[in-house]
Structure formats: C-alpha cells, structure tokens
Amino acid sequence: MSGASGMPVPALRLVVRLGGEGAAVPSGWEDALVAVVRPRDVDGENVPSVGEPRRVAASGPAHAPGCVDLADMALALARCGQLRRVAEPGVPSGQRLSAEALISAMPELLRPLLPGVWRTAESLVGQADDALQARDMALLARVAHTLRGMAANYVMPEWAACAAALECSARYADMAAASDALAWLRAALSGLSGLSGLSGLAGLPELPDLAK
C-alpha cells in the first residue's frame, strides 16, 4: 500500500487488551491504537439500558481466561474506528472481507435462501440507519438485535459480530461506535449484492418493520 508520494505506507498496528488486565503495551508499540476488549459486553446479560453510564470495570468472565470472541473484537474495533476503515471502498481488497468470506460458513442447504436474507438485511440496515440518524438508540438496539439473530441463524459470524457491536453501542448510546459498526454492515451488504447468481435464487418473506 502506497501513499500519495508513492512511498510505502506502514501497516496499521493495533494492540488488543482485555479489560481489567494490566499487561503493558509491548515495547515499540507505544504509538499503536489500543482496543480494550471487555468480554460479555455484547452477550446481552450485562449491558446497561440506554442512558446508563458505560461500565469501566470488566464484567465476569464469559470466556476462558485470555480469550475473547468475534463479537467482543468487533465492538473493540468499532470503538477505535477500525470497522469503518476496513469497510471503506478505498481500502485495498486484501484488507477487506470479501462477500465469499462473509458466507463461507453458511451450509450449502441455506445458500438458495441468500436473496431473501439479503433483502431482509437491506431492510434492517435501512431501519438501523434511520434510527441512528434520529438518535433513537432504543430502536437501533432492537433492529441490531434482530439483524444479529438473523445473521446467527444463517451462520454468518462476521455479520452477527458486527450486529452485536451495533446493538451494544446503541445500548451504551455510543454514537461513534454505532456509526462504525453500521458502516461495516452497510459495506458488507453492498458486497453481498454482487455475489454471482444472487438474483436468480429463491427468496424469503421480509421481516416486520420494527419502527412501526
């Protein structure tokens, strides 16, 4: 990757730390972005209601010590602005998730349902965008929760993780993180629309409009 001058641009470096653990930033990485991951932020059990201050202390262990899941990572990346970065069209393709990768875990039996999945996701992302623009964080959390469940049902873990990050950001009323998570979902939706043969497959009915 090169900058405007043609000189190589150094790769972005990111330090991921578990909340509550005092491990020091590695020597030579002092200028890197630091993403703090707090397990259980996105599992729905210890997320505060809209308007409640964000917790600083880490919650109880949801995973084995030293481990996080994809949703925890998505939230951390959203909070430091990196989900938006990897969703932007100008980012080299090798640093973005392809449409094929987004559905790689989906069983072949479910592949014919992709057009309906895409239409449902398009509707939900639109509702989420409207809710974010209106700063209606309660509605945004509900829409994100629905999108998260749909992605999980169709075995799309990256979608589910970023929808979980969007849901948690909405519950924290964290506009910046919610905007980044939604930007990633919007870019993923755009990527899926270009999948070969998508328009020729059977569809599914839409989910109800949660804004009504």
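**Exercise 1. The fold in outline**

Work out how many helices and strands the protein chain of this predicted model has, and in what pattern they follow one another.

*Solution.* Start with the count: the secondary structure comes to 7 helices and 2 strands. Next, read along the sequence, where the pattern is β-β-α-α-α-α-α-α-α. Then turn to burial: 38% of the 212 residues count as buried. Finally, look at contacts with a separation of 6 or more, of which 65% join residues 24 or more positions apart.

**Exercise 2. Checking and placing helix α6**

Compare the expected span of helix α6 with the distance between its end C-alpha atoms, then decide whether the helix is mostly covered or mostly open.

*Solution.* Step one is the length. Helix α6 runs over residues 157–171, so it has 15 residues, and at 1.5 Å a residue it should span 21 Å. The end C-alpha atoms lie 21 Å apart, in agreement with that expectation.

Step two is the burial. With 12 of its 15 residues buried, α6 is mostly covered. Among the buried residues are Trp159, Cys162, Leu166, Glu167 and Cys168.

Step three asks what does the covering. The list includes α1 (70–79), α2, α3, α4 (114–133), α5 (137–153) and α7.

Step four looks at what follows the helix: just after α6, Ala173 has a positive phi of about 55°.

**Exercise 3. Two cysteines and the disulfide count**

Classify Cys80 and Cys168 as buried or exposed, and find how many disulfides the model contains.

*Solution.* Take the cut-off first: a residue is buried under 20% relative accessible area. Cys80 has 18%, so it is buried. Cys168, at 1% relative accessibility, therefore counts as buried too. Now for the disulfides, where a pair of cysteine sulfur atoms must lie within 2.5 Å. The count by this rule is 0.

**Exercise 4. The largest pocket**

Describe the largest pocket by its volume, its central residues and the make-up of its lining.

*Solution.* Begin with the volume, which is about 250 Å³. The pocket is lined by 14 residues, and those closest to its centre are Arg96, Leu97, Ala187, Ala188 and Gly191.

Next, trace the lining to the helices. At least two residues each come from α2 (82–87), α3 (99–102) and α7 (175–192). The largest share, 5 residues, is supplied by α7.

Last, sort the lining by chemistry: 9 residues are nonpolar, 4 are polar and 1 is charged.

Definitions and conventions: Residues numbered from 1 in each chain as written. Predicted model: local features only at pLDDT ≥ 70, side-chain atom pairs only at ≥ 80, totals over all residues. Heavy atoms only, no water. 1 Å grid on protein atoms, 1.4 Å probe; cavity = no way out; pocket = protein on both sides within 12 Å on 5 of 7 lines; lining within 4 Å. Points joined across faces, edges and corners; volume = space filled by probe spheres on them. Helix = DSSP H or I, 4+ residues; strand = E, 2+ residues; numbered from the N terminus. Nonpolar A, V, L, I, M, F, W, Y, C, P; charged D, E, K, R; others polar. Expected span 1.5 Å × (residues − 1). Buried < 20%, exposed > 50% of the residue type's maximum accessible area, 1.4 Å probe, protein only. Contact = heavy atoms within 4.5 Å.
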